[in-house]
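Visitor: Could you take me through one part of this model closely, beginning with a single strand and its partners and then working outward to whatever surrounds it? I would like one connected account rather than a list.

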Amino acid sequence: MKRLDALRAVYGRLEDRIVVTIMGAVAAELQSLGHRPNFFYLQHAMGLASSMGLGIALSKPDRQVIVLDGDGSILMNLGGLTTLARYRPRNLVHVIFDNESLLSVGGFPTATATGTDLAGIAAAAGVPRTATVSTLEAFTTAVDEALAAADLTTIVAKVEAVGPAAYVTDLSLLENRFQFSRSLRS
Amino acid sequence: MSPVSTTSSRAIYEALKTSGVRLMSALPETWLVHLIRMAEEDPEMTLVRLAKEEEGVGISAGAHLAGVKSAMLMQNHGFLASVNGIVSCAQLYHIPLLMLISYRGDFGERDPWQTEGGGVTEDVLRALRIPFSLIDRPDQVASRINHAQTLALSANKPVALLLCRDLMWEEGQR
(Lines give C-alpha, C1' and ligand atoms only; values in the text may rest on other atoms or scores of the structure.)
Protein backbone atom coordinates (compact mmCIF):
# COMPACT_ATOMS: atom_id res chain seq x y z
CA MET A 1 0.00 0.00 0.00
CA LYS A 2 1.26 3.46 -0.88
CA ARG A 3 0.60 6.20 1.66
CA LEU A 4 -0.68 8.53 -1.05
CA ASP A 5 -3.28 5.94 -2.09
CA ALA A 6 -4.25 5.42 1.54
CA LEU A 7 -4.72 9.17 1.99
CA ARG A 8 -6.77 9.33 -1.19
CA ALA A 9 -8.95 6.44 -0.03
CA VAL A 10 -9.96 8.26 3.18
CA TYR A 11 -9.76 11.87 1.98
CA GLY A 12 -13.55 12.15 2.09
CA ARG A 13 -13.46 11.29 5.80
CA LEU A 14 -10.79 13.91 6.48
CA GLU A 15 -12.54 16.76 4.70
CA ASP A 16 -14.74 17.95 7.54
CA ARG A 17 -12.70 16.72 10.48
CA ILE A 18 -9.77 18.31 12.25
CA VAL A 19 -6.58 16.83 10.83
CA VAL A 20 -3.03 17.16 12.23
CA THR A 21 -0.16 15.63 10.27
CA ILE A 22 3.55 15.21 10.81
CA MET A 23 6.17 16.80 8.59
CA GLY A 24 7.56 15.62 5.30
CA ALA A 25 5.92 13.16 2.97
CA VAL A 26 2.58 12.95 4.83
CA ALA A 27 2.15 16.73 4.80
CA ALA A 28 3.15 17.12 1.15
CA GLU A 29 0.99 14.23 -0.03
CA LEU A 30 -2.11 15.36 1.82
CA GLN A 31 -1.65 18.87 0.40
CA SER A 32 -1.29 17.40 -3.08
CA LEU A 33 -4.78 15.91 -2.67
CA GLY A 34 -6.21 19.24 -1.59
CA HIS A 35 -5.46 21.51 1.33
CA ARG A 36 -8.28 22.57 3.62
CA PRO A 37 -8.37 25.15 6.45
CA ASN A 38 -9.03 22.37 8.96
CA PHE A 39 -5.74 20.59 8.10
CA PHE A 40 -2.60 21.44 10.10
CA TYR A 41 0.85 20.22 9.13
CA LEU A 42 3.35 20.17 11.99
CA GLN A 43 6.43 20.67 9.84
CA HIS A 44 8.92 19.95 12.62
CA ALA A 45 8.91 19.06 16.32
CA MET A 46 8.95 15.34 15.56
CA GLY A 47 6.81 13.37 17.95
CA LEU A 48 4.46 16.16 18.95
CA ALA A 49 1.68 15.72 16.36
CA SER A 50 -0.05 13.18 18.60
CA SER A 51 0.31 15.51 21.61
CA MET A 52 -1.16 18.38 19.58
CA GLY A 53 -4.01 16.11 18.59
CA LEU A 54 -4.63 15.40 22.28
CA GLY A 55 -4.64 19.10 23.12
CA ILE A 56 -7.14 19.78 20.35
CA ALA A 57 -9.32 16.78 21.15
CA LEU A 58 -9.58 17.81 24.82
CA SER A 59 -10.36 21.39 23.82
CA LYS A 60 -12.90 20.51 21.12
CA PRO A 61 -14.78 17.50 22.50
CA ASP A 62 -17.59 17.95 19.98
CA ARG A 63 -15.28 17.57 16.96
CA GLN A 64 -13.46 14.49 15.68
CA VAL A 65 -9.70 14.83 15.36
CA ILE A 66 -7.53 12.67 13.10
CA VAL A 67 -3.76 12.61 13.63
CA LEU A 68 -1.67 11.36 10.72
CA ASP A 69 1.57 10.24 12.35
CA GLY A 70 4.58 8.22 11.23
CA ASP A 71 6.74 5.49 12.70
CA GLY A 72 9.81 7.72 13.04
CA SER A 73 7.79 10.43 14.76
CA ILE A 74 5.87 8.29 17.23
CA LEU A 75 9.08 6.45 18.15
CA MET A 76 10.28 9.83 19.46
CA ASN A 77 7.26 10.17 21.75
CA LEU A 78 6.27 6.69 22.90
CA GLY A 79 5.53 8.08 26.35
CA GLY A 80 2.90 10.23 24.69
CA LEU A 81 0.94 7.06 23.88
CA THR A 82 0.56 6.48 27.62
CA THR A 83 -0.75 10.04 28.02
CA LEU A 84 -3.18 9.56 25.13
CA ALA A 85 -4.44 6.33 26.65
CA ARG A 86 -4.72 7.88 30.11
CA TYR A 87 -7.04 10.66 28.94
CA ARG A 88 -8.63 8.51 26.22
CA PRO A 89 -10.16 11.25 24.07
CA ARG A 90 -13.02 9.46 22.35
CA ASN A 91 -12.91 11.94 19.50
CA LEU A 92 -9.34 11.11 18.44
CA VAL A 93 -8.23 8.70 15.74
CA HIS A 94 -4.47 8.22 15.62
CA VAL A 95 -3.19 6.89 12.31
CA ILE A 96 0.48 5.90 12.13
CA PHE A 97 1.84 5.42 8.62
CA ASP A 98 4.59 2.88 9.17
CA ASN A 99 7.06 2.68 6.28
CA GLU A 100 9.72 1.23 8.58
CA SER A 101 12.12 3.98 7.66
CA LEU A 102 13.16 7.59 8.04
CA LEU A 103 12.35 8.22 4.42
CA SER A 104 13.03 11.93 4.11
CA VAL A 105 16.53 11.72 5.59
CA GLY A 106 17.96 8.87 3.57
CA GLY A 107 15.61 5.96 4.17
CA PHE A 108 17.45 4.45 7.10
CA PRO A 109 15.38 1.75 8.80
CA THR A 110 13.53 2.47 12.03
CA ALA A 111 13.02 -0.11 14.74
CA THR A 112 9.73 -1.23 13.17
CA ALA A 113 11.86 -2.72 10.36
CA THR A 114 13.28 -5.17 12.88
CA GLY A 115 10.08 -6.12 14.62
CA THR A 116 8.92 -3.27 16.86
CA ASP A 117 5.12 -3.48 16.89
CA LEU A 118 3.61 0.00 17.25
CA ALA A 119 0.02 -1.24 17.55
CA GLY A 120 1.20 -3.61 20.25
CA ILE A 121 2.91 -0.75 22.06
CA ALA A 122 -0.23 1.40 21.79
CA ALA A 123 -2.40 -1.44 23.10
CA ALA A 124 -0.01 -2.10 25.97
CA ALA A 125 -0.01 1.63 26.75
CA GLY A 126 -3.76 1.33 27.22
CA VAL A 127 -5.18 2.58 23.91
CA PRO A 128 -8.54 0.78 23.85
CA ARG A 129 -8.74 0.13 20.09
CA THR A 130 -5.76 -0.70 17.89
CA ALA A 131 -5.26 -2.28 14.48
CA THR A 132 -2.47 -2.98 12.04
CA VAL A 133 -3.47 -2.92 8.38
CA SER A 134 -1.58 -3.33 5.13
CA THR A 135 -4.20 -3.05 2.37
CA LEU A 136 -6.28 -0.09 1.20
CA GLU A 137 -9.50 -1.94 1.94
CA ALA A 138 -8.47 -2.86 5.46
CA PHE A 139 -7.22 0.69 6.07
CA THR A 140 -10.45 2.31 4.92
CA THR A 141 -12.50 -0.12 6.99
CA ALA A 142 -10.33 0.51 10.06
CA VAL A 143 -10.73 4.29 9.72
CA ASP A 144 -14.49 3.99 9.27
CA GLU A 145 -14.80 1.68 12.26
CA ALA A 146 -12.72 4.00 14.40
CA LEU A 147 -14.84 7.03 13.50
CA ALA A 148 -18.03 5.08 14.14
CA ALA A 149 -16.78 3.59 17.40
CA ALA A 150 -16.18 7.08 18.77
CA ASP A 151 -13.31 5.90 20.94
CA LEU A 152 -9.58 6.46 20.96
CA THR A 153 -8.08 4.29 18.22
CA THR A 154 -4.55 3.78 16.94
CA ILE A 155 -4.33 2.41 13.40
CA VAL A 156 -0.92 1.36 12.17
CA ALA A 157 -0.97 1.42 8.37
CA LYS A 158 1.95 -0.44 6.82
CA VAL A 159 3.00 1.51 3.72
CA GLU A 160 5.76 1.44 1.14
CA ALA A 161 8.80 3.61 1.75
CA VAL A 162 8.07 5.96 -1.14
CA GLY A 163 7.20 9.62 -1.05
CA PRO A 164 6.71 12.73 -3.14
CA ALA A 165 9.48 14.32 -5.21
CA ALA A 166 9.53 17.41 -2.98
CA TYR A 167 8.59 18.08 0.62
CA VAL A 168 8.33 21.86 0.59
CA THR A 169 4.98 23.15 -0.59
CA ASP A 170 3.77 26.67 -1.37
CA LEU A 171 1.76 26.84 1.86
CA SER A 172 3.73 28.86 4.40
CA LEU A 173 3.87 27.54 7.94
CA LEU A 174 2.32 30.61 9.52
CA GLU A 175 -0.41 30.91 6.90
CA ASN A 176 -1.36 27.32 7.71
CA ARG A 177 -1.20 27.98 11.46
CA PHE A 178 -3.43 31.06 11.50
CA GLN A 179 -5.90 29.69 8.96
CA PHE A 180 -6.20 26.47 10.96
CA SER A 181 -6.68 28.27 14.24
CA ARG A 182 -9.35 30.52 12.75
CA SER A 183 -11.15 27.50 11.33
CA LEU A 184 -11.12 25.74 14.74
CA ARG A 185 -12.38 28.80 16.58
CA SER A 186 -15.16 29.67 14.16
CA MET B 1 3.34 18.92 56.86
CA SER B 2 4.98 19.44 53.54
CA PRO B 3 7.29 22.45 53.51
CA VAL B 4 5.93 23.38 50.09
CA SER B 5 4.04 26.64 50.53
CA THR B 6 0.28 26.21 50.28
CA THR B 7 -0.20 29.98 50.42
CA SER B 8 1.99 30.61 47.39
CA SER B 9 0.58 27.61 45.55
CA ARG B 10 -2.94 28.93 46.15
CA ALA B 11 -1.95 32.40 44.92
CA ILE B 12 -0.41 30.94 41.76
CA TYR B 13 -3.45 28.79 41.10
CA GLU B 14 -5.86 31.67 41.59
CA ALA B 15 -3.81 33.88 39.26
CA LEU B 16 -3.86 31.19 36.58
CA LYS B 17 -7.62 30.90 36.90
CA THR B 18 -8.00 34.69 36.74
CA SER B 19 -5.86 34.70 33.58
CA GLY B 20 -8.35 32.35 31.98
CA VAL B 21 -6.28 29.17 32.10
CA ARG B 22 -8.54 26.12 31.74
CA LEU B 23 -6.05 23.42 30.80
CA MET B 24 -2.84 22.58 32.63
CA SER B 25 -0.19 20.04 31.78
CA ALA B 26 2.11 18.90 34.52
CA LEU B 27 4.77 16.47 35.45
CA PRO B 28 4.84 16.02 39.21
CA GLU B 29 7.72 17.57 41.09
CA THR B 30 8.00 18.30 44.81
CA TRP B 31 7.45 22.04 44.65
CA LEU B 32 4.38 21.64 42.43
CA VAL B 33 2.41 19.09 44.46
CA HIS B 34 -0.19 21.52 45.81
CA LEU B 35 -0.71 23.15 42.42
CA ILE B 36 -1.29 19.80 40.78
CA ARG B 37 -3.78 18.77 43.50
CA MET B 38 -5.64 22.07 43.10
CA ALA B 39 -5.94 21.47 39.37
CA GLU B 40 -7.03 17.90 39.98
CA GLU B 41 -9.81 18.96 42.35
CA ASP B 42 -11.09 21.81 40.17
CA PRO B 43 -13.92 20.71 37.85
CA GLU B 44 -13.28 23.77 35.66
CA MET B 45 -9.69 22.71 34.95
CA THR B 46 -8.51 20.01 32.58
CA LEU B 47 -5.31 18.56 34.04
CA VAL B 48 -3.07 16.49 31.77
CA ARG B 49 -0.38 14.51 33.55
CA LEU B 50 2.51 13.87 31.24
CA ALA B 51 5.10 11.17 30.79
CA LYS B 52 7.63 13.79 29.64
CA GLU B 53 7.40 17.56 29.66
CA GLU B 54 7.87 18.11 25.93
CA GLU B 55 4.44 16.56 25.32
CA GLY B 56 3.04 19.57 27.14
CA VAL B 57 4.26 21.85 24.36
CA GLY B 58 2.19 19.94 21.81
CA ILE B 59 -0.83 19.79 24.11
CA SER B 60 -0.72 23.52 24.87
CA ALA B 61 -0.19 24.30 21.18
CA GLY B 62 -3.24 22.24 20.27
CA ALA B 63 -5.31 23.86 23.01
CA HIS B 64 -4.28 27.34 21.89
CA LEU B 65 -5.14 26.71 18.25
CA ALA B 66 -8.52 25.46 19.46
CA GLY B 67 -9.06 28.58 21.55
CA VAL B 68 -8.35 27.28 25.05
CA LYS B 69 -5.89 29.01 27.38
CA SER B 70 -3.39 26.69 29.02
CA ALA B 71 -0.35 26.63 31.27
CA MET B 72 2.54 24.21 31.65
CA LEU B 73 3.85 23.26 35.07
CA MET B 74 7.29 21.75 35.21
CA GLN B 75 10.67 21.69 36.85
CA ASN B 76 13.55 23.46 35.14
CA HIS B 77 14.93 20.08 34.08
CA GLY B 78 11.62 19.44 32.34
CA PHE B 79 12.05 22.74 30.56
CA LEU B 80 15.50 21.64 29.44
CA ALA B 81 13.97 18.39 28.15
CA SER B 82 11.38 20.36 26.14
CA VAL B 83 13.66 22.67 24.19
CA ASN B 84 13.14 21.23 20.71
CA GLY B 85 9.37 21.28 21.10
CA ILE B 86 9.51 24.88 22.28
CA VAL B 87 11.67 25.91 19.31
CA SER B 88 10.26 23.71 16.55
CA CYS B 89 6.60 23.87 17.50
CA ALA B 90 5.82 26.92 19.64
CA GLN B 91 8.38 29.40 18.31
CA LEU B 92 8.32 28.19 14.71
CA TYR B 93 4.53 28.52 14.60
CA HIS B 94 4.23 31.62 16.81
CA ILE B 95 2.23 29.88 19.50
CA PRO B 96 2.00 31.32 23.02
CA LEU B 97 3.04 29.13 25.94
CA LEU B 98 2.75 30.06 29.59
CA MET B 99 5.46 28.04 31.31
CA LEU B 100 5.64 27.91 35.11
CA ILE B 101 8.99 26.45 35.97
CA SER B 102 10.14 25.48 39.44
CA TYR B 103 13.64 26.86 39.74
CA ARG B 104 15.58 24.07 41.35
CA GLY B 105 19.33 24.12 41.81
CA ASP B 106 19.66 27.81 42.65
CA PHE B 107 20.91 29.33 45.93
CA GLY B 108 19.76 27.22 48.87
CA GLU B 109 19.57 23.95 46.95
CA ARG B 110 20.69 20.95 48.97
CA ASP B 111 20.07 18.21 46.39
CA PRO B 112 23.33 17.85 44.47
CA TRP B 113 21.54 16.46 41.40
CA GLN B 114 19.57 19.66 40.90
CA THR B 115 22.53 22.00 40.82
CA GLU B 116 23.81 21.60 37.26
CA GLY B 117 20.42 22.32 35.68
CA GLY B 118 19.90 25.20 38.06
CA GLY B 119 23.10 26.77 36.82
CA VAL B 120 22.10 26.81 33.16
CA THR B 121 18.37 27.57 33.31
CA GLU B 122 18.46 31.34 32.88
CA ASP B 123 21.16 31.17 30.20
CA VAL B 124 19.13 28.69 28.17
CA LEU B 125 16.03 30.88 28.47
CA ARG B 126 18.07 33.86 27.23
CA ALA B 127 19.61 31.85 24.40
CA LEU B 128 16.10 30.91 23.27
CA ARG B 129 15.00 34.56 23.58
CA ILE B 130 12.17 33.52 25.87
CA PRO B 131 10.98 36.45 28.01
CA PHE B 132 11.10 35.36 31.65
CA SER B 133 10.70 36.69 35.13
CA LEU B 134 11.51 35.31 38.56
CA ILE B 135 8.86 35.16 41.25
CA ASP B 136 10.20 34.97 44.78
CA ARG B 137 7.45 36.62 46.84
CA PRO B 138 3.74 35.81 47.06
CA ASP B 139 2.77 39.46 46.49
CA GLN B 140 4.40 39.33 43.02
CA VAL B 141 2.41 36.30 41.88
CA ALA B 142 -0.83 37.81 40.60
CA SER B 143 0.66 40.61 38.52
CA ARG B 144 3.55 38.58 37.08
CA ILE B 145 1.30 35.75 35.95
CA ASN B 146 -1.19 38.19 34.49
CA HIS B 147 1.55 40.13 32.70
CA ALA B 148 3.28 37.00 31.43
CA GLN B 149 0.02 35.70 29.99
CA THR B 150 -0.70 39.06 28.37
CA LEU B 151 2.70 39.15 26.65
CA ALA B 152 2.50 35.51 25.54
CA LEU B 153 -0.84 36.20 23.85
CA SER B 154 0.06 39.55 22.29
CA ALA B 155 3.47 38.40 21.03
CA ASN B 156 2.35 34.83 20.19
CA LYS B 157 5.40 33.37 21.86
CA PRO B 158 6.46 31.25 24.82
CA VAL B 159 7.11 33.04 28.11
CA ALA B 160 8.43 31.65 31.38
CA LEU B 161 8.01 32.33 35.06
CA LEU B 162 10.64 30.89 37.36
CA LEU B 163 9.11 29.87 40.68
CA CYS B 164 11.89 30.44 43.20
CA ARG B 165 12.75 28.72 46.48
CA ASP B 166 11.67 31.66 48.66
CA LEU B 167 8.23 31.52 47.05
CA MET B 168 7.66 27.77 47.05
CA TRP B 169 9.48 26.51 50.15
CA GLU B 170 8.47 27.52 53.67
CA GLU B 171 11.25 29.03 55.74
CA GLY B 172 13.17 26.89 58.21
CA GLN B 173 12.57 23.72 56.25
CA ARG B 174 14.91 21.84 54.05
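Guide: In this predicted model, Ser102(B) has Leu163(B) as its bridge partner in strand 6 of chain B, and that pairing is part of a longer parallel run in which six bridges join strand 4 of chain B to strand 6 (residues 158-163) of chain B. Strand 4 of chain B is also joined to strand 3 (residues 70-75) of chain B, again in parallel, through four bridges, and here Ser102(B) appears once more, as the bridge partner of Gln75(B).

The surroundings of strand 4 of chain B can be read face by face. In a regular strand the side chains alternate between the two faces of the sheet. On one side of strand 4 of chain B lie Leu97(B), Met99(B) and Ile101(B), on the other Leu98(B), Leu100(B) and Ser102(B), and every one of these is buried, which leaves both faces covered. Because six of the six residues of strand 4 (residues 97-102) of chain B are buried, the strand is largely enclosed by the rest of the structure.

Two residues from these strands reappear in the nonpolar interior: the largest nonpolar core has 112 residues, and Ile101(B) and Leu163(B), together with Leu42(A) and Ala157(A), are the ones that touch the most other members. The largest share of this core, six residues, is supplied by helix 3 (residues 49-59) of chain A. Setting aside residues up to four places away in sequence, Ala157(A) touches Met1(A), Ala6(A), Val95(A), Ile96(A), Phe97(A), Asp98(A), Val133(A) and Phe139(A).

One of those neighbours, Ala6(A), leads to helix 1 (residues 3-14) of chain A, where the buried residues are Arg3(A), Leu4(A), Ala6(A), Leu7(A), Val10(A) and Leu14(A). Seen down the helix axis, these buried residues fall within an arc of 140 degrees, so they line one face of helix 1 of chain A. Among the elements of chain A that cover them are strand 4 (92-98), helix 7 (136-149) and strand 8 (153-158).

As for how the two chains meet, 26 residues of chain B are in contact with 27 residues of chain A. On the chain B side, strand 2 (46-49), helix 3 (54-65) and helix 5 (83-91) are the elements that give two or more residues, with helix 3 of chain B providing the largest share, nine residues. That side of chain B divides into 14 nonpolar, nine polar and three charged residues.

Regarding confidence, chain B averages a pLDDT of 96, with 97% of the residues scoring at least 70, and the model scores ipTM 0.96 and pTM 0.97.

Note on methods
Residues numbered from 1 in each chain as written. Chains lettered and ligands numbered in written order. Predicted model: local features only at pLDDT ≥ 70, side-chain atom pairs only at ≥ 80, totals over all residues. Contact = placed C-beta atoms within 7 Å. Nonpolar A, V, L, I, M, F, W, Y, C, P; charged D, E, K, R; others polar. pLDDT = per-residue confidence, 0-100. Buried ≥ 20, exposed ≤ 12 C-beta atoms within 10 Å, placed from the backbone. Pairing = 2+ DSSP bridges. Arc of directions from axis to C-beta. Core = buried A, V, L, I, M, F, W, Y, C linked by C-beta atoms within 7 Å.
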